[in-house]
There are 2 protein chains.
Amino acid sequence: MQHQPIIFSNEVSKSLAELLENLPANRTFVLVDQNSQVVLSKIDFGKLDPQIIVIPPGDTNKNLDTLQKVWLELQSGGATRNSLLINIGGGVVTDLGGFAAASFKRGIRFVNVPTTLLSAVDAAVGGKTGINFNGLKNEIGAFREADAVLISTTFFDSLPEKEIKSGYAEMLKHGLLEDYQTYRKLIDFDFSDIAGNQLLALLEESVNVKRNIVVQDPFEKGLRRALNLGHTAGHAFESLALHRGEPIPHGYAVAWGLVVEAVLSKMIKSLDSTTLYELADYIYRHYGVFNITCDDYYALLNYMRHDKKSEHGEYNFTLLAEPGDVFTGCVVDEESVKAALDIYRDLMHI
Amino acid sequence: MQHQPIIFSNEVSKSLAELLENLPANRTFVLVDQNSQVVLSKIDFGKLDPQIIVIPPGDTNKNLDTLQKVWLELQSGGATRNSLLINIGGGVVTDLGGFAAASFKRGIRFVNVPTTLLSAVDAAVGGKTGINFNGLKNEIGAFREADAVLISTTFFDSLPEKEIKSGYAEMLKHGLLEDYQTYRKLIDFDFSDIAGNQLLALLEESVNVKRNIVVQDPFEKGLRRALNLGHTAGHAFESLALHRGEPIPHGYAVAWGLVVEAVLSKMIKSLDSTTLYELADYIYRHYGVFNITCDDYYALLNYMRHDKKSEHGEYNFTLLAEPGDVFTGCVVDEESVKAALDIYRDLMHI
C-alpha cells in the first residue's frame, strides 16, 4: 500500500488547493452529508467548481441505497477514471465515499476531509472503506487508502462536546499504544481550545501512530489488532447499552473499555498502578461512568466472546505492559475478565 | 499485484485439490450459473463439501441484484475473511464472483475455474472484476486477481462451435501480440480436438501472453492497451450488429476487427502483406463475413471515435509492425480508417 499524504492544516482552502495540484482531474466531485454540508461555506474551491453530491446522514444511511445514489451521480456527472472524489464529512461520508470511489469504474482517486474528530483520528486514515449490509456493519467494502487526507481542527468548533470527547478517546488509545510521553500530553491537554493549533499538533501525532501501524499491516492480518485496545470491552459496553435502549457514543464506550483493559493489563502484563489509576481518574472525570452490576456480567462476557476479533469464541484482548509496549491477541480466562469488571466498578466508584 | 498461480490441467479434480491445499479455508463456497452448473458433475470436491451458489446466466444478469444475492448467500452461509469462493463458469461468473469476493468483508480469497474458452483466455485472468450498472458495462468493480486459476479444456467439449471460435479469436490476438511462431501454431491447429491436450498447450501459451502484459500494467495505465488489438474496430462491428438487431459473438467481432486493424498496420506500420492475407483468409474461412457497405461507414466511424479507449474522440488503435512488434495508442486519421474498411471489404469478398 502506498504512503498517502496526510496534510494537517488550519488554512483549509490553501492546503486543499496545494493538495489538489498533485491530483489533476478532468472532473471533481464533492461528497457531503446533510450535516457536513455546512462546512462547504468554509472552503474556497477556487476555479475548481466541483459537482456536489449530498447524501442523508447517519450510520443507518451507510447502505447500498446511498451507495447507488453516489454511483449514479458520478455516472450522470460524467466521471471517468481520471476524475476525483473529495469526501467531506464524518465516518459515514469517508467510509461510503471511499468505497464508491474504490468501486466506480474499478477505482477512481479520492481525497478525505474529515469534519469530526472521530473521523479525523480514525475513519479517514487507514484504507478501510465500506457500507453496512443486511444488518451487519461494514459488511461490504474494500481496503483502499485515500489518495490524500486533509485534516483541520477548524471544522470541530461547531461540534457538540460529546462528539469531541468521543474522538478524543481514540486519541488516548493511540497515545497508550505509542509511549508514555505521547499519552501524558493528551491527558494534560486543555479542552477549551478545540479549534486551535495545539489540538491540531496532538492530532497529527495521534494520526501518525495509527498510520505507522496501518502501513505495516494494511490488510489487517495481525499487527493492526493493536488498534483494538479498549475495543473488546468497549464493544461489549456499546452492545449492552444498545440492548438497554440507551445507546452510548462509540468513543465513550472505548474510554470505559480502556479502563477495563488497563485493569487486565495490570493483572496479566504488570502495567504499573500509577498509569492505571491516572487513566481511570481521567476517564471518570471527563466521560463519567457506564453503570454495570454483577447482573450484567453474563451479557458482557457473551458480547466479548463473540467479538469479531475472537475467531474461536475465546476472550481476546490487546494488552499493555506499559504505554508503548503492546501485546495483541492475548487470550484471557473468564475469571480474570470478571475480576477486571469488579475492579472497573471500584475505579468508577460504582 | 502478486503473481497468481495459473494451473493448466485436464485432471480437474486432482489439480483442484492440490491447488486448494495452498488456500486453506474455514468454509468454501462455489459460484456457478445455470449454464455452468452442469460441470459440477465433472468435479470431485472430496471431503470439501462446498456450499453451492447458483445465479442466473447471461450478461443481463451481471448486475447489482445478482451481486446482492451472492453477498447474501455468503453471509447466510457464515463466510468470514478466512473463507474461499470458487467461481466456476464463463465471464459473467468470474467477473461477478470476483467482485463479490473482492468486496465481501473488504475482500475474501477466490479461485477462478473458467468453463468457456473465452473466459479461460480472457476474463478469468487479469484481475478485472465487476458488474454492469445503469446500462454501462463493467461500470462497478475492482482490480483484484484471483488467488488461483484452474484452466482445463475438458469443460469445452460440450460448448457450441461458435463459443469455441469466439474464444479462439482472442487467442489469435495473443499470438499476434507475441510473435509469428506463436501465431502460426494457432492458425495451423486442427479444431477437431477441442478437449485434448494440444488445445490446452496452446491455451497455456496464450494465457501467458496476457499474464505477462497484465503483470507489467495491473491497473491499465498504458501497456495493457496492447490487449486492445482488434477491439477498436471489433467493438464498432459489435455495436453496429446490436443496432441492426442481429448481435454477433464478441470473439467474432474481434476476429473481423483484427482484419481491419491488420490492414491499418500494413498501411501505417508496414506490416507485411503475407501476414495480412494469411490472417484475412483464416478469418474468412473460419468466421465468415460481417457484411458492411459504404452506408455503414458513418456509424462505424462514430462508434470507433467513442470507444472508451479514445479519451479525446480520436481514432485510437493498437497496431503491429510485425507479429510481436506492438504499438499502442496509435492515432489514425479518418481517411485511413475509411480506406481500411474498403480493403476489409475486398479481403472479405464483399
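Tutor: Let us start with a term: a salt bridge is a side-chain nitrogen of Lys or Arg within 4 Å of a carboxyl oxygen of Asp or Glu. This is a predicted model, in which local features need pLDDT of at least 70, side-chain atom pairs count only at pLDDT 80 or more, and totals for chains, interfaces and linings use all residues. Residues are numbered from 1 along each chain as its sequence is written, chains are lettered from A and ligands numbered from 1 in the order in which they are written, and side-chain values use heavy atoms, with hydrogens and water left out.

Student: With which residue does A:Glu139 form a salt bridge?

Tutor: Side chains of opposite charge can pair when their charged atoms come close. Between chain B and chain A the count is two salt bridges. Where A:Glu139 takes part, the closest N and O atoms are 2.9 Å apart, and the partner is B:Lys105.

Student: What is the area buried between chain B and chain A?

Tutor: Chain B and chain A each bring 27 residues to the contact (heavy atoms within 4.5 Å). Buried area is the accessible area (1.4 Å probe) that two parts lose on being put together, summed over both. Carbon and sulfur atoms give 50% of the total here, which is about 2600 Å².

Student: Which three residues supply more than any other three of the area that chain B buries against chain A?

Tutor: The buried area between the two chains is about 2600 Å². On the chain B side, 29% of what is buried against chain A comes from B:Gln75, B:Arg106 and B:Glu139.

Student: Which element gives the largest share of the side of chain B that touches chain A?

Tutor: Across this interface there are twelve residue pairs in polar contact, both residues at pLDDT 80 or more. (A polar contact is a pair of N or O atoms within 3.5 Å; within protein, one must be able to donate a hydrogen and the other to accept it, and residues adjacent in sequence count only if both atoms are side-chain atoms.) At least two residues each come from helix H2 (64–76), helix H3 (91–103), strand E6 (128–133) and strand E7 (136–143) of chain B, where helices (H or I, at least four residues) and strands (E, at least two) are DSSP runs numbered from the N terminus. The largest share, seven residues, belongs to E7(B).

Student: How compact is chain A, going by its radius of gyration?

Tutor: Chain A has twelve helices and ten strands, and its C-alpha atoms fill a box of roughly 60 × 40 × 35 Å along the principal axes. The globule rule, 2.2 Å times the number of residues to the power 0.38, is compared with a radius taken over C-alpha atoms. For 350 residues the rule gives 20 Å, so chain A is as compact as a globular protein of that length, its radius of gyration being 20 Å.

Student: Is A:Ser206 buried or exposed?

Tutor: A:Ser206 sits in helix H7 (residues 197–216) of chain A. Beyond its neighbours within four places in sequence, A:Ser206 contacts A:Val121, A:Met171 and A:His174, and a polar contact of 3.1 Å joins its side chain to that of A:His174. Buried means under 20% relative accessible area, exposed over 50%, and partly exposed in between (1.4 Å probe, protein chains only). Because the relative accessible area of A:Ser206 is 3%, the answer is buried.

Student: With which residue does A:Glu335 form a salt bridge?

Tutor: A:Glu335 counts as exposed because its relative accessibility is 53%. Its partner lies three residues away, about one turn, in helix H12 (residues 334–347) of chain A. At 27% relative accessibility that partner counts as partly exposed. The closest N and O atoms are 3.8 Å apart, and the partner is A:Lys338.

Student: How many residues apart are B:Lys62 and B:Asp95?

Tutor: Their side chains meet in a salt bridge of 2.7 Å, N to O. B:Lys62 is buried at 4% relative accessibility, and B:Asp95 is buried at 9%. This pair links distant parts of the chain, with B:Lys62 in the loop between strand E3 (51–55) and H2, B:Asp95 in helix H3, and a separation of 33 residues.
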